[in-house]
Amino acid sequence: MKRSEINQIIREGEAFVRQHGFALPPFAHWSPEDWKAKGPEAREIAEHGLGWDVTDFGLGEYQNKGVLLFTLRNGALENLRSLKGKTYCEKILVCGVDQLVLHHYHKSKTEDIINRGGGVLEIVLHWADEQGQFSDREVKVSCDGLERSVPAGGAVLLQPGESITLEPFQYHQFRALEKPVLVGEVSTVNDDAHDNFFLEPVGRFPQVEEDEPPYRLLITDYGSYYRYSQSPQTGY
């Protein structure tokens with residue numbers, strides 16, 4: 001993806017988030033120059049992969065297959081092992097109309113996907129079989145505490161305010177219908193480097209063509225701008 005495209009996506013995403021009355025934390029608005037001036041107090045943001053994240057899954061079709069994300073908080077795998085500290089993660093996503101977040105599942109993460117405003121969010125569900133392919137099993141999920149069942153490949157439609165809980169090994173693909181959707185995600189610790197399993201081989205993070213300076217840093221940019229950056233959770 002070109003940096004100019006990423007910059008525009010983030011600008012439009014910031015406006016969409018504001019439109020829905022969701023306030024992002026201060027570090028969402030830091031410039032690259034701000035990051036260069038930060039000291040060790042900002043290590044958690046960099047090392048835990050907090051911040052802006054744009055992906056086209058390496059396919060070069062962002063408007064059709066992609067998503068804008070912002071990670072507000074995230075613990076580490078050690079927190080899960082010790083049951084101390086942040087054992088959770090929270091994200092906000094901007095999903096365009098008919099823009100697919102491709103079929104994938106997680107082996108460790110349990111997550112709630114929440115429609116925080118906009119249009120209707122369609123989530124297509126399958127179980128993963130032992131080979132990581134689609135199973136023909138019926139899929140049972142919890143939607144705001146109510147059990148729902150759909151056949152393999154069936155869809156759950158979330159109106160604004162509604163949510164779904166997705167367990168490990170449940171394939172999910174989602175998109176906004178008719179109007180863009182502000183999507184919330186609350187989960188156990190997020191590990192993008194090792195706990196995303198896509199149905200088709202795709203990339204998680206884009207290759208960036210630097211045709212203009214960054215407007216906001218992506219989580220994969222921290223190592224180039226923040227001198228205290230170590231291995232972020234995009235790659236542990």
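This briefing describes salt bridges in the structure and the surroundings of one residue, Gln173. The model is predicted. A search of the whole structure finds 13 salt bridges. Among them are the pairs Glu44 with Lys86, Arg73 with Glu90, and Glu122 with Arg175.

**Glu44 and Lys86**

- The closest N and O atoms of the salt bridge between Glu44 and Lys86 lie 2.7 Å apart.
- This pair links distant parts of the chain, the two residues being 42 residues apart.
- Glu44 belongs to helix 3 (residues 43-47), while Lys86 sits in the loop between helix 4 (77-82) and strand 3 (88-95).
- Glu44 counts as partly exposed because its relative accessibility is 35%, a value between the limits of 20% and 50%.
- Lys86, with a relative accessible area of 29%, is likewise partly exposed.

**Arg73 and Glu90**

- A salt bridge joins the side chains of Arg73 and Glu90, with a distance of 2.6 Å from N to O.
- The two residues are 17 residues apart and connect distant parts of the chain: Arg73 is in strand 2 (residues 67-74) and Glu90 is in strand 3.
- Arg73 is partly exposed at 32% relative accessibility.
- Glu90 has a relative accessibility of 15% and therefore counts as buried, the cut-off being under 20%.

**Glu122 and Arg175**

- Glu122 and Arg175 form a salt bridge in which the closest N and O atoms are 2.6 Å apart.
- With their positions 53 residues apart in the numbering, this pair also links distant parts of the chain.
- Glu122 lies in strand 5 (residues 111-127), and Arg175 lies in strand 10 (residues 170-188).
- Glu122 is buried, at 15% relative accessibility, whereas Arg175 is partly exposed, at 24%.

**A network of salt bridges**

- Asp53, Lys91, Asp192 and Arg204 are joined into one network by salt bridges that share partners.

**Gln173 and its surroundings**

- Gln173 is found in strand 10, the strand that also holds Arg175.
- Gln173 counts as buried because its relative accessibility, 14%, is under 20%.
- Apart from neighbours within four places in sequence, Gln173 is in contact with Leu100, Val101, Leu102 and His103, and also with Glu122, Ile123 and Val124.
- One of these contacts, Glu122, is the salt-bridge partner of Arg175.

Notes: Residues are numbered from 1 along each chain as its sequence is written. This is a predicted model: local features need pLDDT of at least 70, side-chain atom pairs count only at pLDDT 80 or more; totals for chains, interfaces and linings use all residues. Side-chain values use heavy atoms; hydrogens and water are left out. A salt bridge is a side-chain nitrogen of Lys or Arg within 4 Å of a carboxyl oxygen of Asp or Glu. Helices (H or I, at least four residues) and strands (E, at least two) are DSSP runs, numbered from the N terminus. Buried means under 20% relative accessible area, exposed over 50%, partly exposed in between (1.4 Å probe, protein chains only). Contact means heavy atoms within 4.5 Å.
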